[in-house]
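Work through the exercises below with the sequence and the 3D view open. Try each task before reading its solution.

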Amino acid sequence: MRTYFILLVFFISGCSSSQSIHLRYEGESYYLPNGVEEIGALGDRDSFLVFKYSREKGKKYLAFSSSESIEKGDCDYSEFFSSVIQKDDTRSPCDKDKLAAFRDAFTSGSGAGHWKINGLDHYYFITEHTGTFVFKVLSSDAILKIDSDFLDPEELYSIIEPGDS
């Protein structure tokens, strides 16, 4: 079976007003910062949406992806991310090698943490070179990844928190 991916790029004018953008993505609401320069989307099985806040290639982005799948072993995502943050592999049913690999990739920066927003677990990781990642646990087998190379955890929290309903 052949799969076709469509890359859609929009140039936005007039988004620099003082009003934030209301986004509905995968059934959830978010309020994005103003100043969006471009929007890109990749559909089909890999649901990916990116907002660019700069015309410079690869800089100042906010991305949403629901196609993320992390090798975690025999545990759910909340157990996995909690074990990553707590660095406690002894009591975790998660795969120890998968925990170590995730830690190497996502905890090299200046922090990690957990938020409980409207009953859903959100785990954030600040990496040294690539930015901040938030993994929103939708169910035991589904996550949504939100990442940015220029927004800090508090700014990402403000995008997520007022948007959840």
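**Exercise 1. Strand pairing.** Find the strand 6 bridge partner of Lys 52, then trace the pairing of strand 5.

*Solution.*
- This is a predicted model. Start at Lys 52: its bridge partner in strand 6 is Tyr 61.
- Strand 6 covers residues 61–65, and strand 5 pairs with it through 5 bridges in the antiparallel sense.
- Now turn to strand 4, residues 38–42. It runs antiparallel to strand 5, and 5 bridges join the two.
- One of the pairs to check is Gly 40 with Val 50 of strand 5.
- Last, look at burial. Of the 5 residues in strand 5 (48–52), 4 are buried, so the rest of the structure largely encloses this strand.

**Exercise 2. The faces of helix 2.** Sort residues of helix 2 into buried and exposed, and say what the buried ones pack against.

*Solution.*
- Helix 2 spans residues 96–106. Its buried residues are Leu 99, Phe 102, Arg 103 and Phe 106.
- Look down the helix axis. These buried residues lie within an arc of 100 degrees, so they line one face of helix 2.
- Asp 97 and Asp 104 are exposed, on the face turned away from the buried side.
- The buried residues pack against helix 1 (77–86), strand 8 (120–126) and strand 9 (132–139).
- Finish at the start of the helix. There, a side-chain oxygen of Asp 95 comes to within 2.9 Å of the backbone nitrogen of Asp 97.

**Exercise 3. Nonpolar cores.** Describe the largest nonpolar core, and find which element gives it the largest share.

*Solution.*
- The largest core holds 22 residues. Among those with the most contacts inside it are Leu 23, Leu 32, Phe 51 and Phe 64.
- Elements giving two or more residues to this core include strand 2, strand 3, strand 10 and helix 3.
- Helix 3 gives the largest share, 3 residues.
- A second, separate core has 16 residues, including Phe 102, Tyr 123, Phe 135 and Ile 143.
- Now select Leu 32. Beyond four places in sequence, its contacts include Leu 23, Phe 51, Leu 62, Phe 64 and Ile 159.

**Exercise 4. Confidence.** Decide where the prediction is least and most confident.

*Solution.*
- Take the whole chain: mean pLDDT is 82, and 81% of residues reach 70 or more.
- Compare elements. Strand 1 (7–11) has the lowest mean, 33, and strand 6 the highest, 95.
- Then check residues 1–17. Their pLDDT stays under 50, and the model gives them 32 contacts beyond four places in sequence.

Conventions. Residues numbered from 1 in each chain as written. Predicted model: local features only at pLDDT ≥ 70, side-chain atom pairs only at ≥ 80, totals over all residues. Heavy atoms only, no water. Buried < 20%, exposed > 50% of the residue type's maximum accessible area, 1.4 Å probe, protein only. Helix = DSSP H or I, 4+ residues; strand = E, 2+ residues; numbered from the N terminus. Pairing = 2+ DSSP bridges. Arc of directions from axis to C-beta. Contact = heavy atoms within 4.5 Å. Polar contact = N/O pair within 3.5 Å; in protein donor to acceptor, adjacent residues only side chain to side chain. pLDDT = per-residue confidence, 0-100. Core = buried A, V, L, I, M, F, W, Y, C linked by side-chain atoms within 4.5 Å.
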